[in-house]
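User: Hi! I've got a structure open and would like to talk through how it is put together. Could you help me?

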Amino acid sequence: MKTVTCTAPVNIAVIKYWGKRDENLILPVNSSLSATLGQNELRAKTTVAADPSFTEDKMWLNNKEQSVNTQRIQNVFREIRRRARKRKGDGDKSKIFSQKIHICSENNFPTAAGLASSAAGYACLVYSLSKLFDVDGEISDIARQGSGSACRSIYGGFVEWQMGTKTDGSDSFAKQITSAQHWPEMCILILVVSDQKKHTGSTEGMQTSVQNSRLLEKRIEVVPERMTNITKAIKEKDFHTFAEITMKDSNQFHAICLDTYPPISYMTDVSRQIVRFVHSFNNHSEETKVAYTFDAGPNACLYLLEQDLGQVVSLVNHFFPAQDNGLNLKVQGLPVSIVKPSQKDIDALSLPVLPNSIKYLINTKVGEGPQILSDPSESLLTDNGHPKTLSS
C-alpha cells in the first residue's frame, strides 16, 4: 500500500469569486485574488492510499464516510488518473493509476461555516493525489474542478485565479502574485461569529445570482481594474489602497447577494456591527489601518499591520466581549496581548457593547502552500487503509 499525507491552507479572497460561466468545469465569470493563511491556525489534512486490494474508492471526512460519487470528486479523480497514465504510459508495471484509493481528511476548523473549508479540502486532496500518482506540473486547474477557490490554495502568499477565456478551461488556473514572506507585517484576524453550517451554500447562491442579479453583470466590468490596482498595492505594500479595494469588493459581493432573488443574506447584525467598528476605528485613527472582508458567511476577516494588532484586538475584546463578567475573548493561533483600551479610544468609537456576539478570534498571517508530511505517524489511515480514529 502506497500512502501520502499532506496539509493545505485556507485562503480568504480580497477580490471575490462569485458566479460561474461553466458549472461543470467551474469556470468563473471574473478573476479573483486571495491571501493564503497560515496552516498552524487553519488547514486541511489528508491521507491518500492506493493498493491493489482495495475494491472501491472510499473517502472519510472528519470521521464520517462520504460518497465519492459526486460530479466534482469524480472530475478530480478522472483528471488526476488521466495525467498519471499519460506520464507513466502503458508500460508502467505498477499501474498505480488504475488502483482504487482510500482518502481520509480532517479540518482543524469548522466545516461549511464560511471559513473556506472546501478550498482547503480540495486543494489538499488534489495535492496529495498528485504526489501519490507522481503527477508533476500545474495542478491548480485540477483543484478548480473540485472547488473553484481551491485552486488558490495550491500556492502560498497572495494568489490570483485567472478566469481565462478558453471554453475547455485550460487557461483558468492560479498564479502566485507574491510569496508568503513578501509582506511580513501583514496580520490576519478572523472574528468567528458563527461556526455553524451556512444556510445557503456557495454553489447554490452563485447559481441564483448568475441567473437574476443585474448587479453581478456590472461587477464583471469593475473587477479587471480592481485586480490590477490591488495587485500593484500588494507588490508595493500600499496598505491604504489594498484595504480600500478589499472592503469595497466585500461590500459589493454582499450587495449582489441581496440583489439576488430571492435575496441571500450571509452577514448578520453582528457582522454589520464589525463593519461599523472598522470604519469607526479608521476614522478615529485618521487613516485606514484595518480592512474587513466577509466571504459567504457571517465571520469577519480583518487585515491589518502588526503595529496595530494589539490595539485592535483589545478594542474588539471591549466592544464584543466574551461575557458580561469581563472575561477576555479566546484567541487561537499566534499570541497577542489583550489589554484594557484607553478611555479616549472607547469614547471616540462610541459603539454599543455586544456581549457573547463573537465566539473566538483566530490570529494568523499570510502562509505557505500545501506541505507533505513525511512522518508515518501523521497518517490518518491504518496499514489496511481505514481511518485510525474509527479503528481505535
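User: Which strands does helix H5 lie across?
Analyst: Happy to help! This is a predicted model. Helix H5 (residues 214-236) lies across S2, S5, strand S10 (158-161) and S11. Its direction is at about 110° to S2.

User: And what order do those strands take in their sheet?
Analyst: The order is S2-S5-S10-S11, in an open sheet of four strands with antiparallel pairing. Strand S2 (11-15) and strand S11 (174-178) each have a single partner strand, so one side of each has no neighbour in the sheet. On average, neighbouring strands here are turned by 35° against each other, direction ignored.

User: How many bridges hold S2 and S5?
Analyst: Four bridges, in the antiparallel sense, pair S2 with strand S5 (residues 32-36). As an example to click on, alanine 13 has serine 34 in S5 as its bridge partner.

User: Back to H5. At what angle does it pack with H6?
Analyst: H5 and helix H6 (residues 239-259) pack at about 165°, and their axes are 10 Å apart. The two helices are therefore roughly antiparallel to each other, and H5 passes H6 in a left-handed crossing.

User: Which residues meet there?
Analyst: On the H5 side they include Leu215, Val222, Arg226 and Ile230, and on the H6 side Phe242, Ile245, Asp249 and Ile256 are among them. The residues of this contact divide into 10 nonpolar, four polar and six charged.

User: Does H6 have a sheet to lean on too, and which strands does it lie across?
Analyst: H6 lies across strand S12 (186-192), S13 and strand S14 (300-305), at about 25° to S13. Helix H7 (residues 269-285) also lies across S12, S13 and S14, running at about 160° to S13.

User: What does that sheet look like, and is its pairing mixed or uniform?
Analyst: Mixed: this open sheet has five strands in the order S13-S14-S12-S16-S15. Strand S13 (290-294) and strand S15 (331-333) are the edge strands, each pairing on one side only. The twist from one strand to the next averages 25°. S15 runs parallel to strand S16 (residues 360-365), joined by three bridges, and glutamine 332 has isoleucine 362 in S16 as its bridge partner.

User: Changing topic: how many salt bridges are there?
Analyst: A search of the whole structure finds 19. In one of them, aspartate 141 and arginine 83 have their closest N and O atoms 2.6 Å apart. Aspartate 141 is in helix H3 (residues 140-144) and arginine 83 in helix H1 (residues 71-88), so the pair ties together parts 58 residues apart in sequence.

Key: Residues are numbered from 1 along each chain as its sequence is written. This is a predicted model: local features need pLDDT of at least 70, side-chain atom pairs count only at pLDDT 80 or more; totals for chains, interfaces and linings use all residues. Side-chain values use heavy atoms; hydrogens and water are left out. Two strands pair if DSSP finds at least two bridges between them. Axes are lines fitted to C-alpha atoms, for helices over the stretch in contact, and angles run from 0 to 180 degrees between N-to-C directions. Contact means heavy atoms within 4.5 Å. Angles under 35 degrees count as roughly parallel, over 145 as roughly antiparallel, 65 to 115 as roughly perpendicular and the rest as oblique. A crossing is left-handed if the near helix is turned anticlockwise from the far one by less than a right angle, and right-handed if clockwise. Ala, Val, Leu, Ile, Met, Phe, Trp, Tyr, Cys and Pro count as nonpolar, Asp, Glu, Lys and Arg as charged, and the others, Gly among them, as polar. A salt bridge is a side-chain nitrogen of Lys or Arg within 4 Å of a carboxyl oxygen of Asp or Glu.
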